[in-house]
Amino acid sequence: MQSTAIAFSPSFSLSNNPRKLISQRFNPLPVYSAKHQRFGNGLVSFSSTCKISPISCLLRQSGWISAVNPEPQNDSVAVRAAAESAAVEEESPKSNSFSDTLVLGMLFGMWYLFTVYFSIYSKQVLEVFPYPVTVTLSQFTVGTVIVILMWTLNLYKRPKISGAQIAAILPLAVMHTLGNLFTNMSLGKVSVSFTHTIKAMEPFFSVILSAMFLGEIPTIWVGLALLPIVGGVSLASITEVSFNWVGFWSAMASNLTNQSRNVLSKKLMVKKEDAVDNITLFSIITIMSFILMVPTTILMEGIKFTPSYLEAAGLNIKEICTRSLLAALSYHAYQQVAYMILQRISPVTHSVGNCVKRAVVIVASVLFFRTPVSPVNSLGTGIALAGVFLYSRVKRIKPKTT
């Protein structure tokens, strides 16, 4: 399938033979506490201000330390404290809400854009260089170099990892590696839009695995939301022009491994001493994935990504290396941004954003590659995406406890 790169970068040819081309200092926050005293027949409330750290707040709420309630001096103190409290509550949200929303919007835009670039560049490379294991290794290699540079230049603090943490993270790295490998295998066999349509089945695997290993029984609403997802993917698969069983099952395996990683993270990373922040976790997993992929690539495909091999295959070395590098950079960037977004919003909101991302990638890839799409295929994809959106909404509904 040929493609034009007009929308993203200048046109190119991956083959020399056209016929072969297929912290600041901590300042304690003012905490306002109220103390009630009864004078005569009326209840008078005095407000006072004391600066305490968040740790002190937590300990006080837990009963480890007593509350600090200084005696009020006079009515003017109460009035001034109340006025300051109202000013803090009124000004802080307004001053920060717009900037936070702007930053979050930019992060979402970068998330979608990098995912589109990753999918398109990977597809272009895999069309002429059908070695998904080698391509996956190149992506983890670039990611590892980026992580090491960030730690070396102190752009992000290098973590101190214990043996127990490595043991807990290793299964996550294995699933993460397999998830990316299976995604590349699917992209090499079927269209980008069809791969992402199948990957809309992720909620189905999440529910099944969570019920099996975490004992989380889904609500009736969640179960009903899965029906349009399964039905939409089935309808799209039946009418897909580029349908291929290897590509189909590879995308399904990617769903299984990615959701297994999420379930394992909940099951294994439960100890407080094993917990690390999202960015650090992703960085460690990237390095582990690189280490895992080196022997795997040599055993499965050998050493293929060399100038002599590429030249013998009639490929444009400069262009294929450039596209491979861009795909690797885009992969690491969209994963990194996804974790940055997750630190700012709730998992449910993140799921909704992921659903929108899937739709953006599908539409962008169809337009870029001019993929033929039938009305029934479009209907199936739309139903599946609508089901994913519905699932992300009903997932917040908690079952009533009796």
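Leaving aside its neighbours within four places in sequence, Asn 377 is in contact with three residues, namely Ala 236, Thr 239 and Glu 240. Asn 377 belongs to helix H13, which covers residues 375–394. Its relative accessibility is 6%, so Asn 377 counts as buried, the cut-off for that word being a value under 20%. The model described here is a predicted one, and the values that follow are computed from it.

A second buried position is found in a loop. Ala 200 lies between helix H5 (192–198) and helix H6. With a relative accessibility of 3%, Ala 200 counts as buried. When neighbours within four places in sequence are set aside, the contacts of Ala 200 are Ile 229, Arg 358, Leu 385 and Val 388. Ala 200 can also be located relative to Met 252: the two residues are 52 places apart in sequence, and their C-alpha atoms are 9.7 Å apart in space.

The chain then enters helix H6, which consists of 13 residues, 202–214. From its first C-alpha to its last, H6 reaches 17 Å, close to the 18 Å expected at 1.5 Å a residue. Which residues of H6 are buried? They are Glu 202, Pro 203, Phe 205, Ser 206, Val 207, Leu 209 and Ser 210. Just after H6 comes Gly 215, whose phi is positive, at about 70 degrees.

The next step is to see how helices pack against one another. Two packed helices are described by the angle between their axes and by the distance between those axes. For H6 and helix H7 (residues 220–238), the packing angle is about 140 degrees and the axes are 9 Å apart. H6 and H7 are therefore oblique to each other, since only angles over 145 degrees count as roughly antiparallel. The crossing in which H6 passes H7 is left-handed. On the H6 side, the residues that meet H7 are Pro 203, Phe 204 and Val 207; on the H7 side, they are Val 222, Leu 226, Ile 229 and Val 230. By class, this contact of H6 with H7 comprises seven nonpolar residues, no polar ones and no charged ones. Two residues of this contact have appeared before: Pro 203 and Val 207 are among the buried residues of H6. Ile 229, in turn, is one of the residues in contact with Ala 200.

A second pair is formed by helix H4 (residues 163–189) and helix H9 (residues 278–300), which pack at an angle of about 65 degrees with their axes 8 Å apart. H4 and H9 are therefore roughly perpendicular to each other, as that description applies to angles from 65 to 115 degrees. Their crossing is right-handed. H4 contributes Ile 166, Ile 169, Leu 170, Leu 172, Ala 173, Val 174, His 176 and Thr 177, which meet Leu 281, Phe 282, Ile 284, Ile 285, Met 288, Ser 289, Leu 292 and Met 293 in H9. The contact of H4 with H9 divides into 13 nonpolar, three polar and no charged residues.

A third pair consists of helix H3 and helix H11 (residues 317–342), whose axes come within 8 Å and cross at roughly 60 degrees. That angle makes H3 oblique to H11. The crossing of H3 and H11 is right-handed. Among the residues of H3 that take part are Ser 138, Gln 139, Phe 140 and Val 142, while those of H11 include Leu 325, Ala 327, Tyr 331 and His 332. By class, the contact of H3 with H11 has 10 nonpolar, five polar and no charged residues.

The remaining positions are less buried or lie in loops. Where in the structure is Asn 154 found? Asn 154 is in the loop between H3 (132–152) and H4. Although it is not a glycine, Asn 154 has a positive phi of about 60 degrees. Asn 154 is exposed, with a relative accessible area of 67%. Arg 370 lies in another loop, between helix H12 (347–369) and H13. Its phi is near 55 degrees, a positive value in a residue other than glycine. At 67% relative accessibility, Arg 370 counts as exposed. Val 246, finally, lies in helix H8 (residues 245–268). Val 246 is partly exposed, with a relative accessible area of 44%. The C-alpha atoms of Val 246 and Ser 186 are separated by 7.0 Å, and the two residues are 60 places apart along the chain.

Terms used
Residues are numbered from 1 along each chain as its sequence is written. This is a predicted model: local features need pLDDT of at least 70, side-chain atom pairs count only at pLDDT 80 or more; totals for chains, interfaces and linings use all residues. Side-chain values use heavy atoms; hydrogens and water are left out. Helices (H or I, at least four residues) and strands (E, at least two) are DSSP runs, numbered from the N terminus. The expected span of a helix is 1.5 Å times one less than its number of residues. Buried means under 20% relative accessible area, exposed over 50%, partly exposed in between (1.4 Å probe, protein chains only). Axes are lines fitted to C-alpha atoms, for helices over the stretch in contact, and angles run from 0 to 180 degrees between N-to-C directions. Angles under 35 degrees count as roughly parallel, over 145 as roughly antiparallel, 65 to 115 as roughly perpendicular and the rest as oblique. A crossing is left-handed if the near helix is turned anticlockwise from the far one by less than a right angle, and right-handed if clockwise. Contact means heavy atoms within 4.5 Å. Ala, Val, Leu, Ile, Met, Phe, Trp, Tyr, Cys and Pro count as nonpolar, Asp, Glu, Lys and Arg as charged, and the others, Gly among them, as polar.
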